[in-house]
2 protein chains.
Amino acid sequence: MRVEFRLSGSGGQGLLLAGITLAEAAIYAGKNAVQTQSYGPEARGGSSKAEVVISDEEIDYPKATDPDFLLALTNDAYKTYGPMMAKGLIITDTSVTLDPAIKARTVALPILSSAAEKVGKKVVANMVALGVLGGLSGVAPKEILKKAVVARVPKGTDELNVKALEVGLELAAQSGAASK
Amino acid sequence: MRVEFRLSGSGGQGLLLAGITLAEAAIYAGKNAVQTQSYGPEARGGSSKAEVVISDEEIDYPKATDPDFLLALTNDAYKTYGPMMAKGLIITDTSVTLDPAIKARTVALPILSSAAEKVGKKVVANMVALGVLGGLSGVAPKEILKKAVVARVPKGTDELNVKALEVGLELAAQSGAASK
């Protein structure tokens, strides 16, 4: 079992923290994980990409080569990484304009607006996204995801971030795109 | 120019944040960077390892294969990663017991005690370490390291963390181990 995640969006969306927390949840669940953040010319353009590879085995190659899950929170991220998707599932924010030329299985979920409206803080969209990815992939159970969030977010923001995680888990459950 | 860093120590030392900040400073300095955190059985033992690769070119392989700099803040980290060092420099905390069988060039610096005594907060040892690594490697100038720290640490802790960075830069300058 090797599951590859690519989290993409804009620089301020906190996707690195979402990736780190996903990796740490997998560890709490007894798996191996590698989290990678690549910076480069595209990072300077304001875009952001974090990757997480989770496996029951040792992880030889730490990068996502054929992601099982692509999270794309912005049009730019969708247009950049969507065309590379083969077997995996694309999860976009509903604000992203879908392109029929991108053939991979895609589900659009209100990640950004749910953070703003259901949790009351746009900045926790990353934890909503974490809930979506955790829920759809099943790499760690809800209680372990929660533990990883509490261990990683700044003190005093636990409650807000856990609420965001739960909103994401709900979005995943309602999406009809649950994991194989 | 490809420079590889391995930051190792115990779980609570914040070395992942130090690695992220180092990578981001390199980006601000116009370079490419990849930051990797590998978790696995050893992570469960309480140890922590983060890697950063910085290059003027595109980075094909994101992991450190022959580190230029190994930071080892604990005995366990030193014993685990020290023997793998070939061409690079080992930077240990002065609390680490050196082993003559580990032949790589080594400099021991009071990273943990400087955080506690000169900055007044043990938890900023990671930013002292960042100052040491930034200073010894020269991958980003001081002002850019400072900018990266301020951009990444929790709001309200800027001053403390920048102070820690400066203490680390001083340790590097006084160490006599400056970069090739």
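In this predicted model, the buried residues of α1(A) form an unbroken list from A:L15 to A:A26: A:L15, A:L16, A:L17, A:A18, A:G19, A:I20, A:T21, A:L22, A:A23, A:E24, A:A25 and A:A26. With 12 of its 14 residues buried, α1(A) is largely enclosed by the rest of the structure. The 14 residues of α1(A) reach 20 Å from the first C-alpha to the last, close to the 20 Å expected at 1.5 Å a residue. Just after this helix, A:G30 adopts a positive phi of about 90 degrees.

We can turn next to the meeting of the two chains. Here 20 residues of chain A are in contact with 20 residues of chain B. On the side of chain A that touches chain B, at least two residues are supplied by each of α1 (15-28), β2 (32-39) and α2 (41-44) of chain A. The largest share, eight residues, belongs to β2(A). By residue class, the side of chain A that touches chain B comprises 10 nonpolar, six polar and four charged residues.

The strand that gives this largest share also takes part in pairing across the chains: β2(A) and strand β2 (residues 32-39) of chain B run in the antiparallel sense, joined over seven bridges. Within this arrangement, A:T36 stands opposite B:T36 in β2(B).

Methods: Residues numbered from 1 in each chain as written. Chains lettered and ligands numbered in written order. Predicted model: local features only at pLDDT ≥ 70, side-chain atom pairs only at ≥ 80, totals over all residues. Contact = placed C-beta atoms within 7 Å. Helix = DSSP H or I, 4+ residues; strand = E, 2+ residues; numbered from the N terminus. Nonpolar A, V, L, I, M, F, W, Y, C, P; charged D, E, K, R; others polar. Pairing = 2+ DSSP bridges. Expected span 1.5 Å × (residues − 1). Buried ≥ 20, exposed ≤ 12 C-beta atoms within 10 Å, placed from the backbone.
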